[in-house]
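Here is a brief report on selected helices and residues. Please look over the sequence and the model before reading on.

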Protein chains: 2
Amino acid sequence: MTDYVAPLSDMRFVIERMAPLAAVTTLPGFGDATPDLVDAVLDGANTFASEVLSPLNWPGDQVGAVHNGEGVTTAPGWQDAYRQFVDGGWNGLGCAPEFGGQGLPKLIATAVGEMWNSANMSFALCPMLTQGAIEAIEVHGTDDQRALWLPRMVSGEWTGTMNLTEPQAGSDLSAVRTRAERDGKQFRIFGQKIYITYGEHDLTSNIVHLVLAKIPGPDGKTIAGTKGISLFIVPKFLVNEDGSLGERNDVRVAGLNHKMGYRGTVNAVFNLGEQGGAKGWLLGEAHQGLSYMFHMMNEARVGVGLGAVALGYTGYLHSLKYARERPQGRHASNKDPASPQVPIVEHADIRRLLLAQKAAVEGGLALALYCAQLIDLERTCTVAAERDRLNLLLDLLTPIVKSWPSEFCLEANKHAIQILGGYGYTRDYPLERFYRDNRLNPIHEGAHGIHGLDLLGRKVAMREGAALSALLSEIDFTLSAAAVLPALTAHCTQLAAVVSQLKTTTARLGLLRDGGEAPRALANAGIYLDTFGQVVIGWMWLRMAVVAARKLPQASGSELDFYTGKLHACQYFFRYELVKAGERLSLLATADDTCLSMQDAWF
Amino acid sequence: MTDYVAPLSDMRFVIERMAPLAAVTTLPGFGDATPDLVDAVLDGANTFASEVLSPLNWPGDQVGAVHNGEGVTTAPGWQDAYRQFVDGGWNGLGCAPEFGGQGLPKLIATAVGEMWNSANMSFALCPMLTQGAIEAIEVHGTDDQRALWLPRMVSGEWTGTMNLTEPQAGSDLSAVRTRAERDGKQFRIFGQKIYITYGEHDLTSNIVHLVLAKIPGPDGKTIAGTKGISLFIVPKFLVNEDGSLGERNDVRVAGLNHKMGYRGTVNAVFNLGEQGGAKGWLLGEAHQGLSYMFHMMNEARVGVGLGAVALGYTGYLHSLKYARERPQGRHASNKDPASPQVPIVEHADIRRLLLAQKAAVEGGLALALYCAQLIDLERTCTVAAERDRLNLLLDLLTPIVKSWPSEFCLEANKHAIQILGGYGYTRDYPLERFYRDNRLNPIHEGAHGIHGLDLLGRKVAMREGAALSALLSEIDFTLSAAAVLPALTAHCTQLAAVVSQLKTTTARLGLLRDGGEAPRALANAGIYLDTFGQVVIGWMWLRMAVVAARKLPQASGSELDFYTGKLHACQYFFRYELVKAGERLSLLATADDTCLSMQDAWF
């Protein structure tokens, strides 16, 4: 039972034209990523996603992972699929060759990740989390730590996790209580962690947990706030110096969380240190845990946005297929009940639901791969000023690439269900699962509201607006390229106007924020985040439209359809979606305090 | 495990001030509905909903109804709860005393229905469907039919269903293939029906199906279109003249649909006539089935909107409770990490998510009860012109009351989950169930897009815009009342402007529609529907604000909080939501053809 097909033509369009592979393959270390190799990787990933991962959704969603007392049994078929995943070399696609990885650019690993996500989101989380742990150890670990942990994590022999959340510490990590007591060269860790994705499973012989815990201050007391927080490597089984497994560590799964979606995933509650302390090794320096975790999370956030896009994209393709095949009703101008029904893709309202999805998912994919390319460029850049600029851009776009798809590709899944009507609401089609899965994305890796505060309270202000300036320069560059194309004149005018309004509004709110009225300035930060995202996606669409408008005169056949579709979807986005940004920015500019001044007793 | 509490204070506010009970109790037949009796009914329903219905959600959602080969077993506890429901006299609350009902106004039955819906939507569908069938038989049945069927359906001894959909006939009922062949005084019916809510169950000894089927034309052939469609009474067990049960009818459940939500409900696929034909009796006149069904569906549509409100409302109350109890983070102005965390209701973004819910669910409840009152007034009105006016109003508001809550109270459930964060996404809280349940409402009883076409293509145009004029007069009346209250001046100006824009836009699209460009005029009907709904809910909020502004000077304590909250939520709705309508109406006025002109090949 597989019906997964990757959006390869759009993906190749983005990789060739939007976040050009050519710009990446000239970078040190990426010379092997030739177009032919990339093509083969994408084709192979599509096959694997379709044939191996997609059929696992049913057992994953219906049976799920089961807590069997001591450990966790994953759904039927998952062990075998994971073994094939590892054997195929997929786990280390974007990892350093020195640890056994394939060394492909982040851009390509991200495109492939899109396929894992859309084919089986619950499965995809496992390698995604491992990837985050690999990067943290690679960047912050000692040589010994890297040599001990990375080869087996890159190959997929062991998986990795991130342990942040505790019952009383969700969005507010300063409330972390898990404590780490020094014990010679190592630490003993005590506490409880929740929502640990793949925190326990039967896919591999060991699991490498990265755990946030507080080292007590010199007086032995917990340090208030985020300062004491450090990051530790806490394996499920201790590892001997030769890499063989030693005794079981004092980390036990206390139970599983059961969620609306992601039901094939293991989501565990952990107890650490019930029997004398879980052994852990400090990663990097003490008290730097949160900044390391945020470094890791920034990439995870691109991953969350990508996951939202992936679920939106596969939902779009499923609903498009259905709309082309389902006969129902007739054209508004046809009153003859004896005439045949038309496929519902002929109805304007169905086209609207399809266009809204197309605009969201293709815009989202372009942004996610653009950010992945920024990571490649920034990592390998040797010119400090340029590296700084790339870093600023990526920092600014992180809350956007995480949040915009989480909101609007979830909306896309809502539209996909609507197109299938009653059928879409049943479990006979995967749309309802996509919708359930996608609802997590505005929550995890920083809730929507937190990212709004991050963007408006910090990112647009940092270094006197340097990041915002860097972004606006990029947008100006696109506007210049588009201005000479007559088909895009109206779009240019519209985007330039809304960008100017965004600048003014940001400046006004910045004055308030820095003038002692931070609560009022930030009161509508969630709306600011969404609106900023609309502008960024509008920019992505204009970038796509520039390519399409240039290609159109020479195109024919399916290429002509493809580029015409891009221009039409761009028109949809500008006229139906981006147009809303002006009204939202007018609201934001008033620094309205209706929400801020609402009192608890009035609810 | 119950945590259901009805929003009694808001409900009483609406019943006293928005859709005043006093206007109903003067009507013939409703004299018994004194304020004291109504209070007792609301209190009793709250207790029943909380103590009996709410605890059934877990088995309903997790175990659900099971097809046991011959019949269907409902989830554990459901039989007993249904018996208590019937014994308590709840089933016939709004039904005619002549058939054993309590004869309460629709207004009160609807308020009580809100509690059944929010306490247990899956359960509530059973009496809701029975109610629809009762009304169809009461209005269209012969005296004999009424005497035979109604007493047992009103008491709840038997339940009722509506059978419309077939695999090839969803939104397009002209494609119905189920056929009815005359056989003496009765008919033999052959075909398949799907999505039959409570089409089979173990709650009662008999089930009365109302089935749409086509009587062949004089030539024996199926009549194309909707003309041949007639409505039949097709019981599960035949009924002898004395009311005792006879033999099993030829209606068999072929399987159950499994859905994302409503999982305690039975949703059946039916085969009729596999063994010689299901026996059915014509209800009303031949070939009038669709108009009867639409009459019944108009009330069902108020019920769907009410269901969406109910799920939104209970989600709002759950998330409000959580926001008041969950400590996390500090105020934006407080940088001391050693200071205690504040309840998250203190954060502006959480208040925004709460205000968005409050605005949607209280606005939706006011509209649903207003429509219920219109039904009471229209049914009992003896002055033809006034009855006509009420009928027009109700007809126009039907797509709105069905669709606006379906869209915006689903959004409210999305916000409720967001407030709980990771917890809201787990099955430890009911929010994720509300969200799954509510996703059905934009689909059933006419999909969202269909109602858009109904509103823009038919309702605003009918009888030269008489219904629209009737609504605009009502809005003008509210505007006049609000104009003298200084606190509401800005709201009056805003609503008057958007109403004027709605009129102009409607007229412009009407000219197009009647000038041979119907496809283009109707291309954005879905957006028109949402926008029209925003204006109507804005009107509802202004009506509530008028009462609150008048009451405020004398209010104190919790009443002061209540009215202040109403005014603040009204301000939220106007500044954050209604303000969007202007931009949407500008788009609609251009009769943009982006969606209409999109071609299948371009996707």
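## Contacts, helices and buried sites

Leaving aside residues up to four places away in sequence, B:Ala33 touches B:Leu21, B:Thr25, B:Val38, B:Leu104 and B:Pro105. The model is a predicted one. B:Ala33 sits in the loop between helix 2 (21-25) and helix 3 (35-53) of chain B. B:Ala33 has 1% relative accessibility and therefore counts as buried, the cut-off being under 20%. B:Pro105 is 72 residues away from B:Ala33 in sequence. In space, their C-alpha atoms are 7.5 Å apart.

A second buried site involves both chains. A:Arg584 lies in helix 18 (residues 557-589) of chain A. The relative accessible area of A:Arg584 is 12%, so this residue is buried. Again not counting residues up to four places away in sequence, A:Arg584 touches A:Ile527 and A:Thr531 in chain A, and B:Tyr576, B:Val579 and B:Lys580 in chain B.

Next, a helix pair. The axes of helix 6 (residues 106-119) of chain B and helix 10 (residues 348-380) of chain B come within 8 Å. They cross at roughly 150 degrees. Angles over 145 degrees count as roughly antiparallel, and helix 6 of chain B and helix 10 of chain B are therefore roughly antiparallel to each other. The crossing of helix 6 of chain B past helix 10 of chain B is right-handed. On the helix 6 side of chain B, the contact is made by B:Lys106, B:Leu107, B:Thr110, B:Ala111 and B:Glu114. Helix 10 of chain B meets them with B:Leu365, B:Leu369, B:Ala372, B:Gln373, B:Ile375, B:Asp376 and B:Arg379. The residues of this contact between helix 6 and helix 10 of chain B divide into six nonpolar, two polar and four charged.

Two helices can be checked for length at 1.5 Å a residue.

| Helix | Residues in helix | Expected span | End C-alpha distance |
|---|---|---|---|
| Helix 3 (residues 35-53) of chain A | 19 residues | 27 Å | 25 Å |
| Helix 7 (residues 121-140) of chain B | 20 residues | 28 Å | 28 Å |

For helix 3 of chain A, the expected and actual values agree. For helix 7 of chain B, they agree too.

How many residues of helix 7 of chain B are buried? The count is 17 of the 20, so helix 7 of chain B is largely enclosed by the rest of the structure.

Helix 3 of chain A has buried residues including A:Val38, A:Val41, A:Leu42, A:Phe48 and A:Leu53. A:Asn46 and A:Ser50 are also among them. What covers the buried residues of helix 3 includes helix 1 (8-18), helix 2 (21-25), helix 4 (57-62), helix 5 (78-87), helix 6 (106-119) and helix 7 (121-140) of chain A.

Methods:
Residues are numbered from 1 along each chain as its sequence is written. Chains are lettered from A and ligands numbered from 1 in the order in which they are written. This is a predicted model: local features need pLDDT of at least 70, side-chain atom pairs count only at pLDDT 80 or more; totals for chains, interfaces and linings use all residues. Side-chain values use heavy atoms; hydrogens and water are left out. Axes are lines fitted to C-alpha atoms, for helices over the stretch in contact, and angles run from 0 to 180 degrees between N-to-C directions. Helices (H or I, at least four residues) and strands (E, at least two) are DSSP runs, numbered from the N terminus. Angles under 35 degrees count as roughly parallel, over 145 as roughly antiparallel, 65 to 115 as roughly perpendicular and the rest as oblique. A crossing is left-handed if the near helix is turned anticlockwise from the far one by less than a right angle, and right-handed if clockwise. Contact means heavy atoms within 4.5 Å. Ala, Val, Leu, Ile, Met, Phe, Trp, Tyr, Cys and Pro count as nonpolar, Asp, Glu, Lys and Arg as charged, and the others, Gly among them, as polar. The expected span of a helix is 1.5 Å times one less than its number of residues. Buried means under 20% relative accessible area, exposed over 50%, partly exposed in between (1.4 Å probe, protein chains only).
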